[in-house]
Amino acid sequence: MKKWLVQRYQTSSVYELRQRLRGLYKPRPLRSCRTYIHDLVTREIQDQIFMEVYWVSPPVGPGPGASIYIIDDEVMRFDCFGSDAGHYHFNIRQSKFLPNGEKTRIFFPDGTVEDQIENATVQLRRNLDYGRGLNTDPRIRAVKIDQTAVDEAAEWMRDELLGIAAVERDIRPAVC
């Protein structure tokens, strides 16, 4: 198929409708279902919004991570791997249906795992509402966010991520 035909189809209303229907009916597995996720802790932020904090093992990690879900759709994800590998995402599921796949990484500045955890805390506080607004699901965009609850959850996330990072460094040797 010629490249211009593919690009034209991907920008058409038929393609967008197909992707939205696919997103509505395709099961939405939690990240914690993956085999490389360990030491999971869950917290409800408010009605319809919850968070998972966990350790991400190789081949994806190693490092602490967190996922924030609104109506069971992952709206934000933080991967605090340290150095130049740490990053975060908005709306993972819907990005997988884009023509180029999962290209939604926003990298943290180079730094330690602890630096990236602090950055993730700030990003959660300031940008959860932004991520909610980017989502293509109108039910998710309709959820009103309680900023006080998000601020409390961000502090809790920071403490949990720091705790998981400290424990895992003692238990699991560094991968060379």
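A polar contact is a pair of N or O atoms within 3.5 Å, and in the predicted model described here one such contact, of 2.7 Å, joins the side chains of R132 and D129. R132 has its place in helix α4, the element of the protein chain in which confidence is highest, with a mean pLDDT of 97 over residues 113-134. Confidence is lowest in helix α1, residues 3-10, where the mean is 45. Over residues 1-9 the pLDDT stays under 50, and for this stretch the model has four contacts beyond four places in sequence. For the protein chain, the average pLDDT is 84, and 75% of the residues score at least 70.

Helix α4 departs from a straight course, with a kink of about 60 degrees that is centred on N127. Whereas a straight helix of 22 residues would span 32 Å, the end C-alpha atoms of α4 are only 27 Å apart. The buried residues of this helix are V113, Q116, I117, N119, A120, T121, Q123, L124, L128, G131 and R132. R132 counts as buried because its relative accessible area, 13%, lies under the cut-off of 20%. When neighbours within four places in sequence are left aside, R132 is in contact with I70 and V75, and also with I140, R141, A142, V143 and I145.

The largest nonpolar core comprises 31 residues, of which M51, I68, F78, L124 and M157 touch the most other members. Two or more residues are given to this core by each of the strands β2 (49-56), β3 (63-70), β4 (73-79) and β5 (87-90), as well as by the helices α4 and α6 (147-171). The greatest contribution to this core is that of α6, with nine residues. Beyond its neighbours within four places in sequence, I68 is in contact with several residues, including M51, F78 and L124, and its further contacts include I45, I49, F50, V75, M76 and L128. A second core, separate from this one, has five residues, among them I37, Y54, V56 and F81.

A further buried position is found in strand β4, to which D79 belongs. D79 is classed as buried because its relative accessibility of 2% is under 20%. Its contacts, neighbours within four places in sequence again being left aside, are R31, V56, P64, G86, H87, H89, F108 and Q116. Of these contacts, Q116 is also listed among the buried residues of α4, and V56 is included in the second core. D79 and H89 are ten residues apart along the chain, and 8.6 Å separates their C-alpha atoms.

Conventions: Residues numbered from 1 in each chain as written. Predicted model: local features only at pLDDT ≥ 70, side-chain atom pairs only at ≥ 80, totals over all residues. Heavy atoms only, no water. pLDDT = per-residue confidence, 0-100. Helix = DSSP H or I, 4+ residues; strand = E, 2+ residues; numbered from the N terminus. Contact = heavy atoms within 4.5 Å. Expected span 1.5 Å × (residues − 1). Bend = angle between axes of the 7 residues up to and from the residue. Buried < 20%, exposed > 50% of the residue type's maximum accessible area, 1.4 Å probe, protein only. Polar contact = N/O pair within 3.5 Å; in protein donor to acceptor, adjacent residues only side chain to side chain. Core = buried A, V, L, I, M, F, W, Y, C linked by side-chain atoms within 4.5 Å.
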